[in-house]
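Trainee: Could you zoom in on the charged side chains for me and walk through how they pair up?

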Amino acid sequence: MAKVLARAGVASRRDVEKLIAEGRVALNGEVLTTPAIKVGPDDLLTVDGAPVGEAEPTRVWRYHKPTGLVTTHKDPKGRPTVFEHLPEGLPRVISVGRLDLNSEGLLLLTNDGALARALEMPTNGLVRRYRARARGHTTQAKLDTLLNGITVEGVHYGPIEARLDKAKEGGTAANLWITVTLTEGKNREVRKVLEALGLIVNRLIRLSYGPFQLGTLEAGEVEEVGPRVIREQLAAHIDPASLPSADRRIAPPARAAVAERPAAGDGQRRGGGQAKARPAPERPAKAKTEYKPGWAKPKKRPSRGPVKTVRGSPEGRPSATKPSPGSPKAGARPQGKPGAPRRGPPKGAGPRPRG
């Protein structure tokens with residue numbers, strides 16, 4: 001009974017048990033007192049007198065979780081949760097695995113609880129890939145020791161592939177980037193394993209989970225996975241009766257409210273403080289530029305030489321012509337005709353007599 005109601009999106013299994021204990025669930029008109037009852041396809045199931053509809057086919061969403069949100073439906077400490085900041089219009093969904101308060105990146109959401117549990121099981125070997133920024137010093141040879149597994153505080157972690165991407169040179173501690181690939185996904189596994197090597201993780205981003213990638217999703221965005229992709233990639237983990245049968249148009253990514261990231265050094269290693277959620281900022285409409293009349297009126301250009309009218313041109317349109325090879329340049333002082341007598345006293349003559 002709890003499984004059927006949870007799959008129908010009424011509530012979680014734990015909350016369904018509370019509804020049954022309160023006498024709010026009935027099967028074929030009889031109020032139930034225990035969830036240990038099987039439900040057939042022809043049975044009428046009601047909650048608070050309203051009939052419960054059939055469960056819809058399996059659906060999956062990719063969500064870019066920002067920092068400052070807890071991956072739970074209810075937090076006893078009152079911290080903001082992932083499910084409180086999802087866009088409107090989504091049905092009741094659950095997460096595939098978790099990301100802690102200060103972690104970010106890809107988080108899969110689904111309306112099928114059986115699928116979520118199947119994808120979380122280490123025996124299925126789904127690869128999780130992270131990018132971690134850590135403070136300290138290490139070498140690739142030291143990171144390669146994780147391929148044999150490691151035991152930290154009595155907990156054994158399986159083989160982990162870690163690749164050193166970028167590190168700063170110098171004798172003091174510095175930030176470096178490491179790509180981590182694993183298949184178990186235990187609680188805070190990446191942080192605990194790297195801390196065992198003397199590194200302190202101050203940023204952790206999940207890049208992929210199984211066949212699904214974070215891609216270009218921005219923080220707070222949610223995008224549904226198409227039915228065809230679900231059939232091709234997840235059919236082995238889904239009840240055949242719950243597989244989506246037809247393709248449909250998928251809406252573009254929807255943006256949810258984004259939680260503010262804590263300031264650098266503020267609770268990053270201690271679990272962080274409570275982050276206040278803020279809605280995504282709206283972009284103001286771009287105002288249309290108004291131009292004054294005549295603002296781009298062309299300026300008059302000075303003439304570059306004599307202008308003459310070209311015969312046969314429409315309306316006697318003038319055209320500029322280049323001066324001929326023997327013609328004087330524009331603005332030059334006329335020198336007179338060649339061979340004409342020169343005015344004034346001849347060269348070499350004395351001064352003109354006065355009077």
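**Charged pairs up close**

Mentor: Let's start with E104, which is buried at a relative accessible area of 6% (buried means under 20%, exposed over 50%, partly exposed in between, with a 1.4 Å probe and protein chains only). Keep in mind that this is a predicted model, where local features need pLDDT of at least 70, side-chain atom pairs count only at pLDDT 80 or more, and totals for chains, interfaces and linings use all residues. Residues are numbered from 1 along each chain as its sequence is written, and side-chain values use heavy atoms, leaving out hydrogens and water.

The partner of E104 is R203, and their salt bridge is 2.9 Å from N to O; the rule is a side-chain nitrogen of Lys or Arg within 4 Å of a carboxyl oxygen of Asp or Glu. E104 sits in strand β7 and R203 in strand β13, so this pair ties together parts 99 residues apart in sequence (strands are DSSP runs of E, at least two residues, numbered from the N terminus). Unlike E104, which is buried, R203 is partly exposed at 22%.

Next up, D100 forms a salt bridge with R188, with the closest N and O atoms 3.3 Å apart. That pair links distant parts of the chain, 88 residues apart: D100 is in the loop between β6 and β7, R188 in the loop between β12 and α5. Both ends are partly exposed, D100 at 22% and R188 at 35%.

D165 and R163 also pair up, at 3.2 Å, with D165 at 31% relative accessible area and R163 at 43%. Elsewhere, E22, R24 and D48 join into one network through salt bridges with shared partners. The full count is 13 salt bridges.

Definitions and conventions
Helices (H or I, at least four residues) and strands (E, at least two) are DSSP runs, numbered from the N terminus.
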